[in-house]
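Dear colleague,

Please find below the structure that I am handing over to you, together with its sequence. My notes on it follow directly after.

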Amino acid sequence: MKFFNIPEQAASWCESERDRARTIGLVPTMGALHEGHLSLVEQALAENDLCVVSIFVNPLQFNEASDYEAYPRDIDTDLNLLKQYGCSMTFTGSLSDFFDGAKNPGDIPLLDPGPFAQGLESEHRPGHFAGVRTIVARLFQTVRPDRAYFGEKDYQQTLIITDLAGQLGYPEVVVCPTLREHDGLAMSSRNRRLKPAERAEAAGIYRALCAARTAWLSGQRHPAILSARMHEVLKTTSLEVEYAEVRDPNNWNAVNGEAMTGTARALIAVRCGEVRLIDNLELA
Ligand code: AMP
């Protein structure tokens, strides 16, 4: 496996592989890899000649300095795992390397995050999706992948990235299923920061999502009532709820309106001790 510390070198490597007609699948990550990330690598390898993984804890998408600092980092273990899984190339870089020598984040022009950025994550993490869209666009320009792989776990992010790829005209965005622990908790790099008691409480997120799905399957279609079902379950835990909502992916910005008819997705964000966790589940 090739490893580059400088995005420009990664870009040259990708260019020479593309010249040899190799197809490239890109998996953008912030490292501290777990099985969820590695499932994206496996899918990228199954569908492309080469898999490229970026590892970069992007300061542009953190709205709290303490969250950025506490974000887990373990590049040596990550590189070993990626080697074992058959990843072709991994790269990282500094913010300045990614953005033409910019000295501080304020100098970097941020992209408009687009129509799917309203509410939910944006409401609780102002500026988050502008930072995400800006770095992902830069990763796409660096690698010029045929396909890029993202986890359904960050559902609102997949809408924003699909919109970005539509605007750029590439790559094909592949959304991969969420990998979960035995009790349903979505795998996340942040889980390793949970204390044992918090880890047990965190399973309440999936229980709440499942309660919304059970209500949906028994005919409930009102987003406010489905949301209330989730809040009831979350109230039985010590989790501090930021949001627990149901949205229609085909009518994203309609909030708690009429009964839903087509697609629906339940989405939750909570604080569990000092750790922020998100998850979601398709209801229909
Ligand atoms: P991150 O390193 O958290 O930015 O995640 C990198 C990619 O892995 C994103 O596309 C995530 O949605 C995806 N991902 C994170 N957790 C999971 C999971 N449990 N299952 C599948 N994909 C995941």
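**Findings in the predicted model**

C87 is located in the loop that links α4 (75–84) and β4 (89–91). As this is a predicted model, every value in this message is to be read accordingly. With a relative accessible area of 5%, C87 is buried, because buried means under 20% relative accessible area. C87 and I160 are 73 residues apart along the chain, and 26 Å separates their C-alpha atoms.

A second buried residue is R247, whose relative accessibility is 4%. R247 belongs to strand β7 (residues 240–247), and its side chain reaches the backbone oxygen of W252 at 3.2 Å.

**The ligand and its surroundings**

The ligand occupies the largest cavity. The elements that contribute two or more residues to the shell around the ligand are β2 (24–29), α2 (35–47) and β5 (147–151). Of these, α2 gives the most, with three residues. The shell comprises eight nonpolar, seven polar and two charged residues. There are 17 residues around the ligand, and those that come nearest are M30, H37, G151, D154 and M187.

Several polar contacts deserve your attention. In the side chain of D154, an N or O atom is 2.6 Å from an oxygen atom of the ligand. Two contacts involve the backbone: a backbone N or O atom of L179 lies 2.9 Å from a nitrogen atom of the ligand, and a polar backbone atom of M187 is 2.9 Å from a nitrogen atom of the ligand. The ligand taken alone exposes 490 Å², of which the protein buries 93%.

**Backbone geometry**

Most residues other than glycine have a negative phi, and most peptide bonds are trans. Three places in the model may therefore be worth inspecting against that background.

- The peptide bond from Y170 to P171 is cis, with omega near -15°. P171 is placed in the loop between α8 (155–168) and β6 (172–176).
- A32, which is not a glycine, has a positive phi of about 50°. A32 is in the loop between β2 and α2 and counts as buried, at 1% relative accessibility.
- D100 likewise has a positive phi, near 50°, in a residue other than glycine. D100 is found in the loop between α5 (95–98) and α6 (121–124).

Is D100 buried or exposed? At 69% relative accessibility, D100 counts as exposed, because the cut-off for exposed is over 50%.

With kind regards

Definitions and conventions:
Residues are numbered from 1 along each chain as its sequence is written. This is a predicted model: local features need pLDDT of at least 70, side-chain atom pairs count only at pLDDT 80 or more; totals for chains, interfaces and linings use all residues. Side-chain values use heavy atoms; hydrogens and water are left out. A residue is near a molecule or strand if one of its heavy atoms lies within 4 Å of it. A polar contact is a pair of N or O atoms within 3.5 Å; within protein, one must be able to donate a hydrogen and the other to accept it, and residues adjacent in sequence count only if both atoms are side-chain atoms. Accessible areas come from the Shrake-Rupley method with a 1.4 Å probe; for residues, only the protein chains shown count as cover. On a 1 Å grid over the protein atoms alone, a cavity is a set of points where a 1.4 Å probe fits but cannot get out, and a pocket is an open set with protein on both sides within 12 Å along at least five of seven lines; lining residues have an atom within 4 Å of a point. A molecule sits in a cavity or pocket if more than half of its atoms lie within 2 Å of its grid points. Helices (H or I, at least four residues) and strands (E, at least two) are DSSP runs, numbered from the N terminus. Ala, Val, Leu, Ile, Met, Phe, Trp, Tyr, Cys and Pro count as nonpolar, Asp, Glu, Lys and Arg as charged, and the others, Gly among them, as polar. Buried means under 20% relative accessible area, exposed over 50%, partly exposed in between (1.4 Å probe, protein chains only).
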